[in-house]
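Biologist: Hello! I would like a close look at a single part of this protein, and I am new to reading structures. Could you take me through it slowly?

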Amino acid sequence: MKNYLIVTDTTSAMNGVQAKESGIELVSLSVLIDGIEYKDQIDISTEELYKKLEAGCIPTTSQPNTGYLHELMANWKAKNYEAIIIITCSSDLSGTWSGFNLVKNQLEMNNMYIYDSRQVGAPVMDMALAAKQMADNDHDVNEIFEMLEMKTKNSFSFLAPFDFKQLARSGRLSPVAAKMASILKVKALLYLKEDGSCVDKYAMSRTESKIVKTVIDKFKNAGVNAKDYTLYISHADNEESALKAKRLLQDIFDNIEVIVNKLPAVLTCHGGMKCISVHYIHKM
């Protein structure tokens, strides 16, 4: 067993309990609401964030502040790990990767390796769990990074907002466009671009069934199967729809493993309440 510390952040959809049980260090992003900064999963829970959104607040997220990172990383340095492997969400979506690198250089932590997953949400959690398993099985840093890169290249993420309210509140969609979409009862399907650069529109439809078909077609074309892939469905207080989607995907993909969890703050702030993300990622 390698004396490695595996680290990820709260964009991974991992919560504190899961991290502790898995032996993974979880670093909180900041959630900003009405000028107040909260550490995700420490100062504000997922359920508390839901209440803020329901009350009409417009939360945003930002990378962990430098002081917080410096304190954490100085503590890691004092423990003399053989290696510290940090797996962040896409560096184009958050400054977290850059923040870790800044403090790494300040503290001269040459045993630290920072991986830009070019993903967000559950695939990042999957990578962290796999990295921990490999470290426990005595694999070295190079082998772990080869696995991480394989997973990055074989993963994909959809985000399906329940409505356009949060997109309009956050400025990602104009109020007029949001109102028109609501009147026309248009459904949107967003996706994370393969290079991790941004979340963009994938498809629009007036029917939920067409959106579901689009997701299934994409997964089939990518060769998703029960032997080689795991699916994740994350939801923002919409477990009923998430479980419905799970049953459908398991029927289509031969009882494939589907893990349901709660959407991380960064995606909830983007998509709003009741939105759902669906991800596939290759197994080890």
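Biologist: Which element gives the most to the lining of the largest pocket, and with how many residues?

Modeller: Happy to help! Please keep in mind that this is a predicted model. The element you are after is helix H9, which contributes six residues to the lining of the largest pocket. This helix covers residues 208-221.

Now for the pocket itself. Its volume is about 600 Å³, and 25 residues line it. Those nearest its centre are Ala160, Glu208, Ile211, Val212 and Ile276. Sorted by class, the lining holds 17 nonpolar residues, along with four polar and four charged ones. Besides H9, the elements that supply two or more residues are helix H10 (239-252) and the strands E8 (155-160), E9 (187-192) and E13 (276-282).

Let's follow strand E8 a little further. Five of its six residues are buried, so E8 is largely enclosed by the rest of the structure. Buried here means that under 20% of a residue's relative accessible area is left.

E8 also pairs with other strands that line the pocket. With E13 it forms six bridges in the antiparallel sense, and serine 155 sits opposite isoleucine 281 of E13. E8 and E9 run antiparallel as well, joined by two bridges. Phenylalanine 158 has tyrosine 191 in E9 as its bridge partner.

Note on methods. Residues are numbered from 1 along each chain as its sequence is written. This is a predicted model: local features need pLDDT of at least 70, side-chain atom pairs count only at pLDDT 80 or more; totals for chains, interfaces and linings use all residues. Side-chain values use heavy atoms; hydrogens and water are left out. On a 1 Å grid over the protein atoms alone, a cavity is a set of points where a 1.4 Å probe fits but cannot get out, and a pocket is an open set with protein on both sides within 12 Å along at least five of seven lines; lining residues have an atom within 4 Å of a point. Grid points are joined across faces, edges and corners, and a volume is the space filled by probe spheres set on the points. Helices (H or I, at least four residues) and strands (E, at least two) are DSSP runs, numbered from the N terminus. Ala, Val, Leu, Ile, Met, Phe, Trp, Tyr, Cys and Pro count as nonpolar, Asp, Glu, Lys and Arg as charged, and the others, Gly among them, as polar. Buried means under 20% relative accessible area, exposed over 50%, partly exposed in between (1.4 Å probe, protein chains only). Two strands pair if DSSP finds at least two bridges between them.
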